[in-house]
Amino acid sequence: MMTNLFSVFDPSTTILNLSLNWLSTFLGLLIIPSVYWLMPNRFQIIWNNILLTLHKEFKTLLGPNGHNGSTLMFVSLFSLIMFNNFLGLFPYIFTSTSHLTLTLTLAFPLWLSFMLYGWICHTQHMFAHLVPQGTPPVLMPFMVCIETISNVIRPGTLAVRLTANMIAGHLLMTLLGNTGPMSTSYIILSLILITQIALLVLESAVAIIQSYVFAVLSTLYSSEVN
């Protein structure tokens, strides 16, 4: 039963032993072509306001040392994850963000680049960051170990948080979807339908929140090394 339940996350479309499901990651490029932005409409205005708000917030988090190039990277990261989260809510579209393969690919290079930049360019700051201000001398060795472990597991926590939230919601929708056809009562079918709609709305909110959390935490990790 568990194998069938989790099989909804397995890549299934293959040509010449090459999985094509991961191409869904780039469907956002087809949904928003460059010509589309030349035609002003309500969606464009709303999306531009969202991006502008995120740009200002990320610039505030990065501090005075941040620049527009950094905010562009994190806004693009937010857009990529959010589009993939939303696409996974549609039937027969592969949810790439529910796999550690993608989330770790996004989180690990970012974390590694931040760590390399910090230790090479701001070595003293990185050493000072291992011991919080006001720590008693007796606890300093333990704080260094704790801070080191917390820094090392950051890419894992970023990736697992996003993947776990995507998997949890999709599993609930799969369970409800499999339960509906087996029910013969119209009342139970109505309750399942209402629950499915409510869960779909919840998953839409989770798709936005998790992409925002991923981008904000990446921004905070970047600001710590400056």
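A residue counts as buried here when its relative accessible area is under 20%. Keep that cut-off in mind as we walk through this structure, which is a predicted model.

Let's start with two phenylalanines. Phe74 and Phe114 are both buried by that cut-off. Their rings make a tilted aromatic pair, with centres 6.3 Å apart and 45° between the planes. The pair links distant parts of the chain, since Phe74 belongs to helix H4 and Phe114 to helix H5, 40 residues apart. Add Phe58 and you have one aromatic cluster made of Phe58, Phe74 and Phe114.

Phe58 is a good place to go next. Together with Phe214, Phe58 has the most contacts inside the largest nonpolar core, a set of 29 residues. Which helices feed two or more residues into this core? They are H3 (42–62), H4 (68–87), H5 (100–121), H8 (154–179) and H9 (186–224). As a backdrop, nonpolar side chains in soluble globular proteins tend to be buried together. If you skip neighbours within four places in sequence, Phe58 is in contact with Thr71, Phe74 and Val75, and also with Ala215, Val216 and Thr219.

Now slide over to Ser211, which sits in helix H9. Is Ser211 buried or exposed? Its relative accessible area is 0%, so Ser211 is buried. Leaving out residues up to four places away in sequence, Ser211 touches Phe78, Ile81, Met82 and Asn85.

Another spot worth a look is helix H6, residues 123–129, where you'll find Met126. Met126 has a relative accessibility of 4% and therefore counts as buried. Which residues does Met126 touch, once those up to four places away in sequence are set aside? The answer is Met115, Gly118, Trp119 and Val225. Val225 is the partner to follow along the chain: Met126 and Val225 are 99 residues apart in sequence, yet their C-alpha atoms lie 6.9 Å apart in space.

Trp119, one of the residues that Met126 touches, brings us back to aromatic rings. In all, the structure has 5 aromatic pairs. The tilted one between Phe74 and Phe114 came up earlier. In another, the rings of Trp119 and Phe127 have centres 4.9 Å apart and planes at 85°, so this pair is edge-to-face. Why is Trp119 classed as partly exposed? Its relative accessible area is 31%, and partly exposed covers the range between the buried limit of under 20% and the exposed limit of over 50%. Phe74 and Phe114, by contrast, are both buried.

Definitions and conventions. Residues are numbered from 1 along each chain as its sequence is written. This is a predicted model: local features need pLDDT of at least 70, side-chain atom pairs count only at pLDDT 80 or more; totals for chains, interfaces and linings use all residues. Side-chain values use heavy atoms; hydrogens and water are left out. A nonpolar core is a set of buried Ala, Val, Leu, Ile, Met, Phe, Trp, Tyr and Cys residues joined through side-chain atoms within 4.5 Å. Buried means under 20% relative accessible area, exposed over 50%, partly exposed in between (1.4 Å probe, protein chains only). Helices (H or I, at least four residues) and strands (E, at least two) are DSSP runs, numbered from the N terminus. Contact means heavy atoms within 4.5 Å. Rings of Phe, Tyr and Trp (its six-membered ring) pair if their centres lie within 6.5 Å; planes under 30 degrees apart count as stacked, over 60 as edge-to-face and the rest as tilted.
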